[in-house]
Structure formats: C-alpha cells, structure tokens
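Subject: Structure handover

Hi,

Here is the structure I promised to pass on. My notes follow below it.

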Amino acid sequence: MLYSLAARDLHNLPKAPVEAYYWFVDQGDLHRGGVVDDVQAGRLHAVLDVVVGGIRDGIYPANPGEEKHHPRETWSSCAYCPYDRVCPSTRLEQWSGMREDPAVQPYAGIADPQDAEPTTDEEVRA
Ligand code: SF4
C-alpha cells in the first residue's frame with residue numbers, strides 16, 4: 001500500500017485508482033489485496049505520521065508485545081531480537097507504565113490499543 005501512495009505522488013495523481021497486493025510466491029498464484037480506498041490510505045497516512053514523528057522526536061519505547069511460547073518463553077517482539085536474553089524480565093511492566101507517557105501515547109494507540117474489540121475466540125475468552 002505504501003508503494004501505491006508513492007506511485008500517486010510520483011505521477012502527481014492523488015486520486016488515481018490504485019490496487020495493492022501481497023503475492024505469496026511460495027504458494028503459486030495466491031494474491032491478497034485489492035483496491036486501495038480512501039479509508040485505507042488515510043489510515044496509512046495516520047500510522048506513518050505517528051511512526052515518522054516518533055523517529056523525529058527520538059521516541060523509541062520498548063514494546064515487547066504479547067507473551068509468546070514458541071520458539072521459547074518470551075514476547076512476540078522479542079522472539080528474534082538479539083537482546084532478548086539481556087533485556088529486563090520486567091519489560092512488560094515497563095511498557096505498561098511507559099505507554100501512559102504523553103509522548104508515547106500516539107504510538108501505543110496504534111501498536112497496542114487498549115480499547116480494541118477482541119478479534120479472535122481466544123481474545124474473547126481472555
Ligand atoms: S528484547 Fe528488549 S530490545 Fe529486544 S524487542 Fe524485546 S523489548 Fe525490545
């Protein structure tokens with residue numbers, strides 16, 4: 001989708017219809033995607049504003065994500081991070097406090113929204 005916005009900008013056609021797809025190359029002809037509508041483009045702009053603004057302002061909160069049990073006991077953001085063994089075991093508690101900081105709230109609202117509706121059966125049961 002990011003490329004679709006770039007293509008519109010490059011050709012100075014901000015309202016041009018654009019389609020975007022993921023291609024699962026190891027599954028033959030399987031594609032997922034479609035027309036990029038204004039809602040999706042607006043959401044991408046909003047997320048980019050938060051991410052780029054955070055980088056510009058030097059906001060790099062450590063957000064471990066959800067607990068994860070495979071390939072080992074850790075968190076989803078940490079499973080393949082080289083600092084997993086040295087990062088504090090209280091990282092989730094630290095994130096819970098840090099997310100309330102006004103400078104971090106825009107990122108937290110996107111990466112870890114607290115008022116999100118459950119989307120899976122496991123989340124509903126939790
Ligand atoms: S191990 Fe620490 S630095 Fe690495 S992703 Fe997890 S919280 Fe971030």
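Which residue in β2 is the bridge partner of Y22? It is R32. Keep in mind throughout that this is a predicted model.

**The β1/β2 pair**

Y22 and R32 are one part of a longer pairing. Strands β1 and β2 run antiparallel, and five bridges join them. A20 takes part too, with G34 as its bridge partner in β2. Neither strand has much cover. In β1, zero of the five residues are buried. Strand β2 spans residues 31-35, and its count of buried residues is also zero out of five.

**Overall layout**

The chain has five helices and four strands. Read from the N terminus, the order of elements is α-β-β-α-β-β-α-α-α. The chain is more spread out than a compact globule, because its radius of gyration is 18 Å, well over the 14 Å that the globule rule gives for 126 residues. Along the principal axes, the C-alpha atoms fill a box of roughly 50 × 40 × 30 Å.

Burial is worth a look as well. Buried residues account for 5% of the 126 residues. On contacts, take those between residues at least 6 apart in sequence: 38% of them join residues at least 24 apart.

**Helices α1 and α2**

Start with α1. This helix is hardly covered, with zero buried residues among its nine. N12 follows α1 and has a positive phi, near 50 degrees. That is a positive value in a residue other than glycine. N12 is located in the loop between α1 (2-10) and β1 (19-23). Is N12 buried or exposed? N12 counts as exposed, because it has 7 C-beta neighbours inside 10 Å, and the cut-off for exposed is 12 or fewer.

Now α2. This helix covers residues 38-57, 20 residues in total. From first C-alpha to last it reaches 28 Å, close to the 28 Å expected at 1.5 Å a residue. The number of buried residues in α2 is zero, so the helix lies largely in the open. Just after α2 comes G58, with a positive phi of about 75 degrees.

**A cis peptide bond**

Please check the bond from H70 to P71 when you set up the backbone. That peptide bond is cis, with omega near 10 degrees. Where does P71 lie? It lies in the loop between β3 (67-68) and β4 (74-75).

**Around the ligand**

Which residues are around the ligand? They are A62, P64, S77, C78, C81, Y83, D84, C87 and R91. By class, this shell has six nonpolar residues, one polar and two charged. The charged ones are D84 and R91. The polar one is S77.

**In brief**

For a quick first pass, I would list these points:

- β1 and β2 are antiparallel, with five bridges between them.
- The radius of gyration is 18 Å for the chain.
- α2 has zero buried residues among its 20.
- The H70 to P71 peptide bond is cis.
- The ligand shell includes C78, C81 and C87.

Best wishes

Note on methods: Residues numbered from 1 in each chain as written. Predicted model: local features only at pLDDT ≥ 70, side-chain atom pairs only at ≥ 80, totals over all residues. Near = placed C-beta within 6 Å. Helix = DSSP H or I, 4+ residues; strand = E, 2+ residues; numbered from the N terminus. Pairing = 2+ DSSP bridges. Rg over C-alpha atoms; globule rule 2.2 N^0.38 Å. Contact = placed C-beta atoms within 7 Å. Expected span 1.5 Å × (residues − 1).
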